[in-house]
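Here is a protein model to explore together. Have a look at the sequence and the 3D picture, and then we'll walk through some of its features.

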Amino acid sequence: MFVILSEAKDLNKINSSMSSQSILLRRYSKFLCAMTLLLILAGALVKSTGSGLSVPDWPTTYGKFMFAYPLDKMAGGIKYEHTHRLLASIVGILTLVLTVWLLRISKIPVWIKRLGIFAFLTVVLQGILGGLTVKFFLPVWLSTFHGVVAQTFFMIVIFIAYGLSMEWHQRWNIEEESFNPKFLRLSLILMGMIYVQLIFGNIMRHAQAGLAIPDFPTMGWTMLPNFDAAWLNRVNAWRFENNLDQVNMGQVMIHLTHRIWALFILLKLLWLNNIAYKECLDRPLILKTLYWLNLAVILQITLGISTVLSQKEVYTTTLHVTLGAIVLGLSFLMVLRASPLTWRQFTQMLKN
């Protein structure tokens, strides 16, 4: 990020900040964010194609060391599952390099070093969970936990990248920033709601409830369903005609919760927009982040509807999951940009 300031004094401060950090490390942290998002996409593709057990052993691949498995044998579901494993291993190695790199630079703040250690422990946990999902044949709770930890790891590496960014160091040189406690609280609530929505989405996917309500905007071909046995039989009759397994009312409720929570998120986002354009016009970075978040949420809702109407077409479903991670990342970035730089100031703002 290039910062041009009118006063030479401020420019010297920025240059000093740049010299205290490695530009290469800053770029590397952003690269890890991109690789993590790519890994989430690959994981979503594994689930969307039903390839989760295409490679039935772990940590080997059909008895071979993972990186020694012949590329010409990566066909069908093996192609998706093995690629996911390779990417996961690469992200794990990249995270280890980042952690060591952070620990070796004395001028890196202690909290970023600790985040680096936490990121490495999280990616190790994620790898173990991925292996256990194979060992235990994809149980819903374990597969859901695996997906949620992936989103959490994405947030951690975003935090590290922001802490190393020029934007963060530039903010230290600003004598006084304007903050809005109300906007910060609403941003935190929105981020939390999005995180919960991703948990709902993970449960829905792994519980095979993605088409438990197979139509939109109606639900079971009626605007006001009563969710009784007759209604469920009508849904299951449609699923039988489309060669899908029968669903129970629990799966229907999981799907319905995901839809309703998406509506709550949209309403909360509209409220946040109202606050931002009234009280945060002096924070262009926040408004820019909010603009991209609006766009991402609208596209995410569109993809969610398309996932149902296309009967979970592979690439539509995969993009829906991946964009969910982007929405979470943007909401977290907005919280970071709306927050003071110290924990003490942050807690004081929330009390106001």
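How many salt bridges does the count come to? The count comes to 2, where a salt bridge is a side-chain nitrogen of Lys or Arg within 4 Å of a carboxyl oxygen of Asp or Glu. Before we meet them, keep in mind that this is a predicted model, where local features need pLDDT of at least 70, side-chain atom pairs count only at pLDDT 80 or more, and totals for chains, interfaces and linings use all residues. Residues are numbered from 1 along each chain as its sequence is written, and side-chain values use heavy atoms, with hydrogens and water left out.

**The salt bridges**

Side chains of opposite charge can pair when their charged atoms come close. One such pair is R85 with E81, at 3.1 Å from N to O. Both sit in helix α3, 4 residues apart, or about one turn of the helix. Helices here are DSSP runs (H or I, at least four residues), numbered from the N terminus. An α-helix has 3.6 residues a turn, so residues three or four places apart point the same way.

Are these two side chains out in the open or tucked away? R85 is buried, with a relative accessible area of 6%, and E81 is buried too, at 5%. "Buried" means under 20% relative accessible area, "exposed" means over 50%, and "partly exposed" is in between (1.4 Å probe, protein chains only).

The other pair is E167 and R337, whose closest N and O atoms are 2.8 Å apart. E167 lies in helix α6 (residues 166-172) and R337 in helix α11 (residues 314-338), so this pair ties together parts that are 170 residues apart in sequence. Both E167 and R337 are buried.

**What about cysteines?**

A disulfide is a pair of cysteine sulfur atoms within 2.5 Å, and the count by that rule is 0. Among the cysteines, C33 is buried at 13% relative accessible area, and C280 is buried at 3%.

**A helix and a greasy patch**

Now look at α5, which has 25 residues. From its first C-alpha to its last, α5 reaches 37 Å, close to the 36 Å expected at 1.5 Å a residue (the expected span is 1.5 Å times one less than the number of residues). The helix is mostly covered, with 20 of its 25 residues buried.

On the surface, F65, F67, I90, I93 and V97 make a nonpolar patch of about 470 Å². Patch residues have over 30% relative accessible area and no salt bridge; like charges are joined within 9 Å, and nonpolar side chains (Val, Leu, Ile, Met, Phe, Trp, Tyr) within 5 Å. The areas come from the Shrake-Rupley method with a 1.4 Å probe, and for residues only the protein chains shown count as cover. F67 belongs to the loop between α2 (23-48) and α3 (77-104), and it is partly exposed at 45%.

**Backbone oddities in the loops**

Here are some loop spots where the backbone is worth a closer look.

| Spot | Backbone feature | Loop |
|---|---|---|
| W58 to P59 | cis peptide bond, omega near 10 degrees | P59: between α2 and α3 |
| F216 to P217 | cis peptide bond, omega near 5 degrees | P217: between α7 (181-206) and α8 (229-241) |
| F137 | positive phi of about 60 degrees | between α4 (110-135) and α5 (140-164) |
| W221 | positive phi of about 65 degrees | between α7 and α8 |

F137 has its positive phi although it is not a glycine, and the same goes for W221. F137 is exposed, with a relative accessible area of 62%, while W221 is partly exposed at 42%.

Definitions and conventions
Helix = DSSP H or I, 4+ residues; strand = E, 2+ residues; numbered from the N terminus.
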